[in-house]
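Work through the exercises below with the sequence and the structure side by side. Try each task before reading its solution.

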Amino acid sequence: MDARRNSAVDVMVIGGGPSGMFAASRAGEQGKRVVLLEKNPSLGKKLLITGGGRCNVTNHTLDTRALLGRYGAAREFLFSAFAQFAVTDTIAYFEENGVPLKEENERRMFPVSDSARSIYDVLVKSLANTGVEVRTNARVTSIVRDGSVFTVSCADGSVVSGKSLIIATGGTSRPETGSTGDAHVWLRALGHTIVENDFALVPVTLSDAWAKTLGGVTLTDVKMTLRADGVKVVSKIGKLLFTHFGVSGPTILNMSKKVGELLEHCDVTIELDLFPTLDHGALRDRLRDLLAVESNKMLKNTLRELMPTALVAPLLTLAQIDGDTKNHSVRSEDRKALVQLLKAVALHPSGLLGADKAIVSSGGVPLTEVDPRTMESRLVPGLYLVGDALDIDRPSGGYSLQLCWTTGHVAGTHA
Ligand SMILES: Cc1cc2nc3c(=O)[nH]c(=O)nc-3n(C[C@H](O)[C@H](O)[C@H](O)COP(=O)(O)OP(=O)(O)OC[C@H]3O[C@@H](n4cnc5c(N)ncnc54)[C@H](O)[C@@H]3O)c2cc1C
């Protein structure tokens, strides 16, 4: 009999992303016979593009209570899992495997190598060391449960069976990486509910034509205030990236879900304060002094000292000021209008980019259907759920991958 076509193991893991790889090697470490099934020709396609190819592995918030505050409604659910595998364990795991991590802004941790490949290499090596059988080009097409045994069939005709099955097929964001929501059909058939995907961290599109001409321009330390019908919803200082369709960057991504909800019934603006450390008076003084020192220069040239060049012309147009005016001739009401604008540039969101550009999708199996101590389904004994397959909202900053390490470890331990 062809062993690949029909085999029995202890633990089957479907999905070779970070959560599946971590769960499989943990189960292998416990002495289990494990098979990992991945439909792509290679493992970790999405992992390799995380953090712009540098992989934001975790977030350096060592106080678990504080860290879990970032997972919203999933906070309580995750306590037990994080008691088994926390951020310190993640750091120790990668460091012990020869990949030291470093901390960057907002406590994001990256490998010192600045390469997602080094994280991938650790995971692949660990699969080999723990004896996990990895099958790539193995697209699972069906799951059948008979008594306590699951039988998993792949598109190439191979069949595997076993008593424990870990679903690590991800969500539905960036489908070209393999995360296409295949598991939703099987899970529904097994009796689970699926919360439909709602793209949680996505760039925001704008209706402002002028802003779309700024593709590639980045503003650091800008204050972004989200307003609904003029009322402030949230305000954050961070990095903003203009793109050819609107705006992106970590702060915008974190606001995106709220923007999407508000757009359904409100007028939404994102107001930019380009000089959050100066109040109106201080900015007016700074501008007045600068124009006085360079009194014979044109206003547009002086403004380049205050902001990226690409921003100068659109802002002058918005403020209806002629940039060719010599500084000594700039009227005081124009200076005032300019300060007003620099402290509150209004951007008008028109929508969100879809799954093709999403970082993570919320949605998946609701936590009420999962045992928080083991990640085992409460409805189907022997079935475990990890990573993006679970319905957990979280911000950008390494929180998604930490969820993969923690839930993968827990499921791999108990499966
Ligand atoms: C551009 C981008 C950047 C990101 N950057 C970061 C970051 O820096 N830090 C961070 O914490 N998070 C980041 N994320 C989020 C993070 O990548 C995900 O949360 C994480 O990959 C989820 O891992 P997973 O193992 O649950 O699922 P996935 O990584 O989606 O893996 C699921 C796997 O299952 C396989 N699969 C699906 N269906 C089948 C089937 N039928 N048969 C067999 N195999 C199947 C898929 O091919 C895939 O390989 C980023 C996401 C994107 C898109």
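**Exercise 1: An aspartate in a loop**

The backbone nitrogen of R373 sits 2.9 Å from a polar atom of the D371 side chain. The model is a predicted one. Task: find where D371 lies, and decide whether D371 is buried or exposed.

Solution.
- Step 1. Find the strands on either side. D371 is in the loop that links β20 (361-364) and β21 (383-385).
- Step 2. Check the accessible area. The relative value for D371 is 13%. Buried means under 20%. Therefore D371 counts as buried.
- Step 3. List the contacts, skipping neighbours within four places in sequence. D371 touches F77, E376 and R378.

**Exercise 2: The nonpolar cores**

Task: state how many residues the largest nonpolar core has, and which helix gives the most to it.

Solution.
- Step 1. Recall the trend. In soluble globular proteins, nonpolar side chains tend to be buried together.
- Step 2. Size the core. The largest one has 75 residues. Y71, F94, I119 and I167 have the most contacts inside it.
- Step 3. Name the helix. Helix α13 (residues 399-414) gives the most to this core, with seven residues.
- Step 4. Look around I167. Leaving out residues up to four places away in sequence, its contacts include I14, I143, W186, L385 and A389.
- Step 5. Look for another core. A second, separate core has 45 residues, among them W210, V217, L338 and L347.

**Exercise 3: A seven-stranded sheet**

Task: give the strand order of the open sheet, and name its edge strands.

Solution.
- Step 1. Read the order. The seven strands run β18-β17-β14-β15-β16-β13-β19, with antiparallel pairing.
- Step 2. Pick the edges. β18 (345-347) and β19 (349-352) each pair on one side only.
- Step 3. Gauge the turn. Neighbouring strands are turned by 40 degrees against each other on average, direction ignored.
- Step 4. Zoom in on one pair. β13 (residues 204-206) and β16 (residues 246-248) are joined over two bridges in the antiparallel sense. T205 has G246 in β16 as its bridge partner.
- Step 5. Add the helix. Helix α8 (residues 250-263) lies across several strands, including β13, β16 and β19. The helix runs at about 135 degrees to β15.

**Exercise 4: Around the ligand**

Task: name the residues that come nearest to the ligand, then find backbone polar contacts.

Solution.
- Step 1. Of the 38 residues around the ligand, S19, E38, S179, D182 and L401 come nearest.
- Step 2. Take the ligand oxygens. One oxygen atom is 2.9 Å from a backbone N or O atom of G51. A polar backbone atom of P18 is 3.4 Å from a ligand oxygen.
- Step 3. Take a ligand nitrogen. A polar backbone atom of V140 lies 3.0 Å from it.

Technical notes
Residues numbered from 1 in each chain as written. Predicted model: local features only at pLDDT ≥ 70, side-chain atom pairs only at ≥ 80, totals over all residues. Heavy atoms only, no water. Core = buried A, V, L, I, M, F, W, Y, C linked by side-chain atoms within 4.5 Å. Buried < 20%, exposed > 50% of the residue type's maximum accessible area, 1.4 Å probe, protein only. Helix = DSSP H or I, 4+ residues; strand = E, 2+ residues; numbered from the N terminus. Contact = heavy atoms within 4.5 Å. Polar contact = N/O pair within 3.5 Å; in protein donor to acceptor, adjacent residues only side chain to side chain. Pairing = 2+ DSSP bridges. Axes fitted to C-alpha atoms, helices over the stretch in contact; angles between N-to-C directions. Near = heavy atom within 4 Å.
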